[in-house]
Amino acid sequence: MKYAVGIDIGGTNTRVALINESYEIIERIQFLTDVDDPDKTMDKIVETISSFKLDIVGVGMSCPGPLDLIKGKILTTPNLHGKWTGFSVSKELEKRIQIPVYLENDANLAALAESVIGEGKDYDYVQYLTVSTGLGAGLVMHKKYSQGLMVL
(Lines give C-alpha, C1' and ligand atoms only; values in the text may rest on other atoms or scores of the structure.)
Protein backbone atom coordinates (compact mmCIF):
# COMPACT_ATOMS: atom_id res chain seq x y z
CA MET A 1 0.00 0.00 0.00
CA LYS A 2 1.26 3.47 -0.88
CA TYR A 3 0.60 6.52 1.27
CA ALA A 4 0.56 10.26 0.64
CA VAL A 5 0.06 13.30 2.81
CA GLY A 6 -2.38 16.08 2.06
CA ILE A 7 -1.80 19.46 3.70
CA ASP A 8 -4.13 22.44 3.73
CA ILE A 9 -2.58 25.61 5.11
CA GLY A 10 -5.41 28.00 5.82
CA GLY A 11 -5.71 31.44 7.30
CA THR A 12 -6.96 29.96 10.58
CA ASN A 13 -6.09 26.25 10.67
CA THR A 14 -3.63 23.86 9.06
CA ARG A 15 -4.82 20.34 8.39
CA VAL A 16 -2.53 17.39 7.69
CA ALA A 17 -3.96 14.07 6.52
CA LEU A 18 -2.41 10.69 5.82
CA ILE A 19 -4.14 9.14 2.81
CA ASN A 20 -3.89 5.71 1.21
CA GLU A 21 -4.05 4.98 -2.53
CA SER A 22 -7.81 4.40 -2.28
CA TYR A 23 -8.22 8.04 -1.14
CA GLU A 24 -9.14 6.95 2.37
CA ILE A 25 -8.03 9.22 5.21
CA ILE A 26 -6.07 7.10 7.65
CA GLU A 27 -5.28 9.91 10.09
CA ARG A 28 -6.04 13.64 10.22
CA ILE A 29 -4.49 16.26 12.47
CA GLN A 30 -5.49 19.93 12.71
CA PHE A 31 -3.76 22.82 14.45
CA LEU A 32 -3.78 26.61 14.35
CA THR A 33 -1.78 28.23 11.58
CA ASP A 34 0.74 30.79 12.79
CA VAL A 35 -0.39 33.55 10.43
CA ASP A 36 2.78 35.60 10.92
CA ASP A 37 5.57 33.01 11.04
CA PRO A 38 5.63 30.15 8.53
CA ASP A 39 8.55 28.43 10.29
CA LYS A 40 6.38 27.66 13.31
CA THR A 41 3.70 26.14 11.10
CA MET A 42 6.34 24.22 9.11
CA ASP A 43 7.73 22.78 12.36
CA LYS A 44 4.28 21.44 13.29
CA ILE A 45 3.76 20.01 9.81
CA VAL A 46 7.11 18.20 9.91
CA GLU A 47 6.36 16.86 13.40
CA THR A 48 2.97 15.60 12.20
CA ILE A 49 4.35 13.90 9.08
CA SER A 50 7.09 12.26 11.16
CA SER A 51 4.47 10.84 13.51
CA PHE A 52 2.81 8.83 10.71
CA LYS A 53 5.63 6.20 10.68
CA LEU A 54 4.77 4.95 7.16
CA ASP A 55 6.53 5.12 3.81
CA ILE A 56 5.11 8.29 2.25
CA VAL A 57 5.61 8.69 -1.50
CA GLY A 58 4.54 12.32 -1.87
CA VAL A 59 2.89 15.37 -0.36
CA GLY A 60 0.20 17.58 -1.84
CA MET A 61 -0.09 21.01 -0.26
CA SER A 62 -2.78 23.62 -0.67
CA CYS A 63 -2.54 27.29 0.27
CA PRO A 64 -4.59 30.38 -0.39
CA GLY A 65 -3.23 32.38 -3.30
CA PRO A 66 -2.00 33.92 -5.35
CA LEU A 67 0.89 31.47 -5.64
CA ASP A 68 3.94 30.98 -7.85
CA LEU A 69 3.47 27.28 -8.55
CA ILE A 70 6.76 26.88 -10.42
CA LYS A 71 8.82 28.22 -7.50
CA GLY A 72 6.47 26.76 -4.87
CA LYS A 73 6.03 30.18 -3.35
CA ILE A 74 3.24 32.15 -1.70
CA LEU A 75 3.22 35.52 -3.45
CA THR A 76 0.81 37.29 -1.15
CA THR A 77 -2.40 36.45 0.63
CA PRO A 78 -4.71 38.49 2.83
CA ASN A 79 -4.96 35.59 5.31
CA LEU A 80 -1.26 34.96 5.98
CA HIS A 81 0.99 37.85 6.96
CA GLY A 82 4.57 38.72 7.79
CA LYS A 83 7.12 36.16 6.62
CA TRP A 84 4.52 34.21 4.61
CA THR A 85 4.71 36.77 1.79
CA GLY A 86 7.26 35.43 -0.68
CA PHE A 87 7.81 32.26 1.38
CA SER A 88 8.83 29.19 -0.67
CA VAL A 89 6.46 26.93 1.22
CA SER A 90 6.70 23.71 -0.80
CA LYS A 91 10.46 23.94 -1.35
CA GLU A 92 11.03 24.54 2.36
CA LEU A 93 8.92 21.55 3.37
CA GLU A 94 10.53 19.32 0.74
CA LYS A 95 13.95 20.27 2.08
CA ARG A 96 12.91 19.36 5.62
CA ILE A 97 11.20 16.02 4.94
CA GLN A 98 13.07 14.79 1.84
CA ILE A 99 9.81 13.80 0.10
CA PRO A 100 8.43 15.44 -3.09
CA VAL A 101 5.98 18.26 -2.25
CA TYR A 102 3.52 19.68 -4.77
CA LEU A 103 1.78 23.03 -4.23
CA GLU A 104 -1.54 24.22 -5.61
CA ASN A 105 -4.19 26.79 -4.81
CA ASP A 106 -6.60 25.59 -2.12
CA ALA A 107 -9.78 26.26 -4.08
CA ASN A 108 -8.45 24.46 -7.16
CA LEU A 109 -7.59 21.37 -5.11
CA ALA A 110 -10.93 21.40 -3.32
CA ALA A 111 -12.67 21.51 -6.71
CA LEU A 112 -10.50 18.66 -8.02
CA ALA A 113 -11.22 16.52 -4.95
CA GLU A 114 -14.97 17.07 -5.30
CA SER A 115 -14.82 16.12 -8.98
CA VAL A 116 -12.81 12.93 -8.42
CA ILE A 117 -14.14 11.49 -5.13
CA GLY A 118 -16.82 13.89 -3.93
CA GLU A 119 -20.31 14.95 -4.91
CA GLY A 120 -19.16 15.96 -8.40
CA LYS A 121 -17.60 12.63 -9.37
CA ASP A 122 -20.41 11.83 -11.83
CA TYR A 123 -20.20 15.19 -13.62
CA ASP A 124 -17.93 16.55 -16.38
CA TYR A 125 -17.97 20.10 -14.99
CA VAL A 126 -17.58 21.01 -11.32
CA GLN A 127 -17.45 24.56 -9.97
CA TYR A 128 -16.31 24.87 -6.36
CA LEU A 129 -16.63 27.99 -4.23
CA THR A 130 -14.86 28.23 -0.89
CA VAL A 131 -16.06 30.63 1.77
CA SER A 132 -13.85 30.37 4.84
CA THR A 133 -11.26 32.75 6.25
CA GLY A 134 -11.03 33.92 2.63
CA LEU A 135 -12.92 33.39 -0.63
CA GLY A 136 -11.87 31.32 -3.62
CA ALA A 137 -13.12 29.34 -6.58
CA GLY A 138 -11.99 26.39 -8.66
CA LEU A 139 -13.29 24.93 -11.90
CA VAL A 140 -12.78 21.33 -13.02
CA MET A 141 -13.61 20.15 -16.52
CA HIS A 142 -13.36 16.45 -17.33
CA LYS A 143 -11.43 15.77 -14.09
CA LYS A 144 -8.81 18.46 -14.86
CA TYR A 145 -8.76 21.78 -13.04
CA SER A 146 -8.32 25.16 -14.65
CA GLN A 147 -5.34 27.00 -13.19
CA GLY A 148 -5.63 30.67 -12.46
CA LEU A 149 -9.39 30.80 -12.87
CA MET A 150 -10.18 33.12 -10.01
CA VAL A 151 -8.63 33.67 -6.63
CA LEU A 152 -9.92 36.30 -4.22
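A residue is called buried here when its relative accessible area is under 20%. With that cut-off in mind, begin this tour of a predicted model at strand β9, residues 135-141, which is mostly covered, with five of its seven residues buried.

**Stop 1: the β8-β9 pair**

Keep β9 displayed and add strand β8, residues 125-131; the two strands pair in the antiparallel sense over seven bridges. The connection between β8 and β9 is a hairpin of three residues. To place the register, pick Tyr128 and look across to Gly138 in β9, its bridge partner.

**Stop 2: β4 and its two partners**

Select β4 next, a strand that is mostly covered, six of its eight residues being buried. On one pairing, β4 is joined to β1 by six bridges, and these two strands run parallel. Label Tyr3 and Ile56 to see this register, since Tyr3 stands opposite Ile56 in β4.

Then bring in β7, which is joined to β4 by five bridges, again in a parallel arrangement. Here the residues to label are Val59 and Val101, the latter standing opposite Val59 in β7. How many of the five residues of β7 are buried? Four of them are, so β7 is largely enclosed by the rest of the structure.

While these strands are on screen, recall that in a regular strand the side chains alternate between the two faces of the sheet.

**Stop 3: the largest nonpolar core**

Now show side chains for the largest nonpolar core, which has 27 residues. Those that touch the most other members are Val5, Ile7, Ile9, Ile45, Met61, Val89 and Leu93. Two or more residues of this core come from each of β1 (3-9), β2 (13-20), α1 (38-51), β4 (56-63), α2 (89-97) and β7 (101-105).

Centre the view on Ile9. Beyond residues up to four places away in sequence, Ile9 touches Thr14, Thr33, Met42, Ile45, Met61, Ser62, Cys63, Pro64, Leu80, Trp84 and Val89.

**Stop 4: Asn13 and Phe31**

Move to Asn13 in strand β2. Asn13 counts as buried because its relative accessible area is 16%, below the cut-off of 20%. Apart from residues up to four places away in sequence, Asn13 touches Asp8, Gln30, Phe31, Leu32 and Thr33.

Follow that list to Phe31, which is found in strand β3. Is Phe31 buried or exposed? Phe31 is buried, with a relative accessible area of 12%. Leaving aside neighbours within four places in sequence, Phe31 is in contact with Asn13, Thr14, Val16, Thr41, Lys44, Ile45 and Thr48. Of these contacts, Ile45 was named at the previous stop among the core residues that touch the most other members.

For a sense of scale, draw a distance from Phe31 to Phe87: their C-alpha atoms are 20 Å apart in space, and the two residues are 56 apart in sequence.

**Stop 5: a nonpolar patch on the surface**

Finish by switching to a surface representation and selecting Tyr23, Val116 and Ile117. These residues form a nonpolar patch on the surface, with about 290 Å² of accessible area together. Tyr23 is found in the loop between β2 and β3 (25-32). At 53% relative accessibility, Tyr23 counts as exposed, because that class begins over 50%.

Terms used
Residues are numbered from 1 along each chain as its sequence is written. This is a predicted model: local features need pLDDT of at least 70, side-chain atom pairs count only at pLDDT 80 or more; totals for chains, interfaces and linings use all residues. Side-chain values use heavy atoms; hydrogens and water are left out. A nonpolar core is a set of buried Ala, Val, Leu, Ile, Met, Phe, Trp, Tyr and Cys residues joined through side-chain atoms within 4.5 Å. Buried means under 20% relative accessible area, exposed over 50%, partly exposed in between (1.4 Å probe, protein chains only). Helices (H or I, at least four residues) and strands (E, at least two) are DSSP runs, numbered from the N terminus. Contact means heavy atoms within 4.5 Å. Two strands pair if DSSP finds at least two bridges between them. Patches are made of residues with over 30% relative accessible area and no salt bridge: like charges are joined within 9 Å, nonpolar side chains (Val, Leu, Ile, Met, Phe, Trp, Tyr) within 5 Å. Accessible areas come from the Shrake-Rupley method with a 1.4 Å probe; for residues, only the protein chains shown count as cover. A salt bridge is a side-chain nitrogen of Lys or Arg within 4 Å of a carboxyl oxygen of Asp or Glu.
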